[in-house]
Amino acid sequence: MGSVALASGAAWVLAGNDTGTMVTASPRLYPHMWSWDAAFIMVGLAQLDVDRAAREMETLLSGQWADGMIPHIVFSEENGYFPGPDRWQTAVVCEHAPARPHTSGICQPPVHAIALRKIVDAGRRRSGADRRRAESLLHYSWPRLFAWQRWLATYRDPLGTGLIAVTHGWESGMDNSPRWDSAYAAVQPGADLPPYVRKDLDKVGDEGERPTDAEYDRYLWLIEEMRRVGYRPDEVVRTGSFLVGDVFMTALFALSCEVLAELGEEGGQPEEQIAQLRRWAARSRAAVLDTRDPVTGLARDYDVRAGQWVSTPSIAGFAPLLCGGLDPQQQAEMLAVLEGPDWMGHPDLVVATPPTVSPSSPHFMPKQYWRGPQWPVISWLFSWAMRRGGMYDTAADIRAETLRLVSDGTFAEYYHPLTGAPLGSLSQSWTAAVVLDWLYEG
Ligand code: 2M8
């Protein structure tokens, strides 16, 4: 499919998933707004329609909790996803959660400052009305995104080092990555886990692409633990069965603090808050670098509950390339590993983009969700951050190769790295959105 057809197809996917106030993550599997999906969706919308992109940010922020957390789902009026509002019961048990819209009670990676950057830049490139809309969105969103970064710095730094922790694998966005296997193995679902019926399995072509029932029991048990402590962030961190310092989330936190600080300078925001963002960024960047495995050089997660490093290699090991901080020699070495035969340069890959798990790893499962497939949105994120960090050649290669992967026009959630087959949900909004951004901005 050529670029024009691909761009039209991507715009058509976003329009098709648009309820008017939110572009759902996908038509069938995910009929609601997911926090980090929404940010990437805004990146694509910004290329089409600045006002529509701004409304997406406003919808997301309408679900922000009073303490600053941006929840991982803002629910639409649709049913069809489990766990839905009845299961989470956030507004029933937690005073910080909004009564409406309904939201989940956990968070996802903080990439929203990147979306704001994109909308502001698109507005400034265009006419007076778009420019004014973007500037007023900046004014409206900046304090709210600051509050979100502050929430993470306040409640999710249990070791006090800047390493941001997740309390559920879903918070990482990489739900069943092998990164979480050992931490999940220690989660013992209680006999009093309320019964439930999954809704995801009949919405993908092959059940084997989705997590198992045993994994789902643990996902649901963690939510049950949180619900029982009223989603109080300090209690969740103190008592929950799962607490892992997430190096990928930490890198995105540091990156977003920097991006938000820059936007704050342009928008005349309070100097003390801008300085605070820079301090958080520096601390978390250092925390990311401190996780590096002395043997492989890759960044690692840290299981706070077990008191041990998680050395299972995954795409998260390249987190330093997102947030920066490596010296030139170290950066070149890490890039060489990423581009080398275990990762992007693996001879069996159909396209040279980062797989979520190396095909050389015993954990590699080419069809299963976050255990091997290539995700266009993750490729976009690396490419965007690499360009920002001056790694222009790799950024351009990842863009070109991903566009080759998605040229079938299905806009799949993820792709089989050895065959290029589309997997998971088709017409996935964030895939369409990042393709649009690449086609428009080059
Ligand atoms: C996947 O996560 C949801 C739970 O949040 C699910 O499996 O039901 C992940 O890929 C996540 O990163 C993504 O935001 C979400 C919607 O695309 O789907």
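**Core packing, salt bridges and aromatic contacts in a predicted model**

In this predicted model, Arg100 forms a salt bridge with Glu77, and their closest N and O atoms are 3.3 Å apart; the term salt bridge denotes a side-chain nitrogen of Lys or Arg within 4 Å of a carboxyl oxygen of Asp or Glu. The two partners belong to distant parts of the chain, 23 residues apart, with Arg100 in the loop between helix 5 (90-93) and helix 6 (112-125) and Glu77 in the loop between strand 2 (73-74) and helix 4 (85-88). Helices (H or I, at least four residues) and strands (E, at least two) are DSSP runs, numbered from the N terminus. Arg100 is exposed, with a relative accessible area of 52%, and Glu77 is likewise exposed, at 68%, where buried means under 20% relative accessible area, exposed over 50%, and partly exposed in between (1.4 Å probe, protein chains only).

The model is predicted, so that local features need pLDDT of at least 70 and side-chain atom pairs count only at pLDDT 80 or more, whereas totals for chains, interfaces and linings use all residues. Residues are numbered from 1 along each chain as its sequence is written, and side-chain values use heavy atoms, with hydrogens and water left out.

By the rule given above, the count of salt bridges comes to 34. A buried example is the pair of Arg210 and Asp200, whose side chains meet at 2.8 Å, N to O. Both residues lie in the loop between helix 9 (181-185) and helix 10 (213-228), 10 residues apart; the relative accessible area is 4% for Arg210 and 6% for Asp200. Glu272 forms a further salt bridge with Arg279, with the closest N and O atoms 2.8 Å apart, and here Arg279 is partly exposed, at 42%. Salt bridges that share partners also join Arg117, Asp121, Arg124, Glu135 and Glu266 into one network.

The largest nonpolar core contains 143 residues, of which Trp36, Phe248, Leu321, Ile378 and Phe382 touch the most other members; such a core is a set of buried Ala, Val, Leu, Ile, Met, Phe, Trp, Tyr and Cys residues joined through side-chain atoms within 4.5 Å. Helix 12 (residues 247-266) provides the largest share of this core, 13 residues. With residues up to four places away in sequence left out, the contacts of Trp36 (heavy atoms within 4.5 Å) include Phe248, Leu252, Trp370, Ile378 and Trp430. Helix 2 (residues 35-48) has 14 residues, which at 1.5 Å a residue should span 20 Å, in agreement with the 20 Å between its end C-alpha atoms; the expected span is 1.5 Å times one less than the number of residues. Of these 14 residues, 13 are buried, so that helix 2 is mostly covered.

Aromatic pairs number 30, a pair being rings of Phe, Tyr and Trp (its six-membered ring) whose centres lie within 6.5 Å, with planes under 30 degrees apart counted as stacked, over 60 as edge-to-face and the rest as tilted. The rings of Phe82 and Tyr196 are stacked, because their centres are 5.4 Å apart and their planes are at 5 degrees. These two residues are 114 residues apart, with Phe82 in the loop between strand 2 and helix 4 and Tyr196 in the loop between helix 9 and helix 10. Phe82 is buried, with a relative accessible area of 13%. One aromatic cluster includes Trp36, Phe40, Trp370 and Trp430 among its members.
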